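Subject: Structure for you to look at

Hi,

Here's the structure I promised to pass on. Have a look at it in your viewer first, then read my notes underneath.

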Amino acid sequence: MPDGSDISKYHFIQRSKQFLEKDWGLNISSINFNYTNLCFFRTPTAKYLSSDDYKLSLSLFKKYIHFINPPWLLSIGSTNLKVLDSFGALKNINQHYDNQGKYKGHSGQLWDYNIFSVPHPSARMISEARQTIWQTVTNEMKKEQDVKLKNGRQNR
């Protein structure tokens, strides 16, 4: 069972590092972020997970998110959003396409939190499309953070 101490060496983290550190304020070496899977059951590959497995994990995932109270959630890959949407947990989902309209990222709400999604680093796509989607989704995150800050100041 992984303990998380080697997360900075995970292949998908390494492949996303340039975006996560530059634009999202994460420090991969010091692991100044929280990481979890949506489903807490371990299988050799995700294809072995059933809808019931996700359903059983969802309440624990929600408690975890509320406990951490993050400024935003980022999904690496779209599977999590598909699962969350199937349970009716998402609101106001927007799709953000690359310049060719072939690949997409997402932004929206999961419970009381802003959630964003970018393609998984293993998704076969050209570098320009990946960069466009990351930049578009990053801009959405920053825009939502600005709104949150503005509303926080108004509520004082």
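The chain exposes about 9,900 Å² of surface, and carbon and sulfur atoms supply 48% of that. Keep in mind that this is a predicted model, so every value here is computed from predicted coordinates. As for what is hidden, buried residues make up 39% of the 156 residues in the chain.

Now the overall build. You'll find 4 helices and 4 strands, and going along the sequence they come in the pattern α-α-β-α-β-β-β-α. The radius of gyration is 16 Å, close to the 15 Å that the globule rule gives for 156 residues, so the chain is as compact as a globular protein of that length. If you want a feel for the dimensions, the C-alpha trace spans about 45 × 40 × 35 Å along its principal axes. Among contacts with a separation of 6 or more, 57% are between residues 24 or more positions apart.

Next, the pockets. Rolling a probe the size of a water molecule over the atoms shows where empty space is left. The largest pocket holds about 1,500 Å³ of space. It has 45 lining residues, and the closest to its centre are Phe12, Tyr35, Thr36, Asn37 and Leu38. Which elements give two or more residues to that lining? They are α1 (11-24), α2 (51-68), β1 (73-76) and α3 (79-86). Of these, α2 gives the most, with 5 residues. By type, the lining divides into 30 nonpolar, 13 polar and 2 charged residues.

The second largest pocket has a volume of about 200 Å³. Its lining includes Gly77 and Ser78, Lys102, Tyr103 and Lys104, and a run from Ser117 through Val118 and Pro119 to His120. Ala123 and Met125 line this pocket too. Sorted by type, that lining comes to 5 nonpolar, 4 polar and 2 charged residues.

A few residues are worth clicking on. Start with Leu84, which sits in helix α3. Is Leu84 buried or exposed? It counts as buried, because its relative accessibility is 1% and the cut-off for buried is under 20%. Leaving aside neighbours within four places in sequence, Leu84 is in contact with Leu38, Leu58, Ala89, Leu90, Leu110 and Ile115. You may recognise Leu38 from the list of residues closest to the centre of the largest pocket. You can also try a distance: the C-alpha atoms of Leu84 and Lys55 are separated by 9.4 Å, with their positions 29 residues apart along the chain.

Then there's Gln145, in helix α4 (residues 127-154). Gln145 has a relative accessible area of 19%, so it is buried, given that buried means under 20%. Outside its neighbours within four places in sequence, Gln145 is in contact with Pro71 and Trp72.

Finally, two backbone angles. Most residues other than glycine have a negative phi. Ile31, though, has a phi near 50°, a positive value. Where is Ile31? It lies in the loop between α1 and α2, and at 28% relative accessibility it counts as partly exposed. Asn69 also has a positive phi, near 50°, and this residue lies in the loop between α2 and β1.

Happy exploring!

Conventions: Residues numbered from 1 in each chain as written. Predicted model: local features only at pLDDT ≥ 70, side-chain atom pairs only at ≥ 80, totals over all residues. Heavy atoms only, no water. 1 Å grid on protein atoms, 1.4 Å probe; cavity = no way out; pocket = protein on both sides within 12 Å on 5 of 7 lines; lining within 4 Å. Points joined across faces, edges and corners; volume = space filled by probe spheres on them. Nonpolar A, V, L, I, M, F, W, Y, C, P; charged D, E, K, R; others polar. Rg over C-alpha atoms; globule rule 2.2 N^0.38 Å. Buried < 20%, exposed > 50% of the residue type's maximum accessible area, 1.4 Å probe, protein only. Contact = heavy atoms within 4.5 Å. Areas by Shrake-Rupley, 256 points an atom, 1.4 Å probe, with all protein chains shown as cover.
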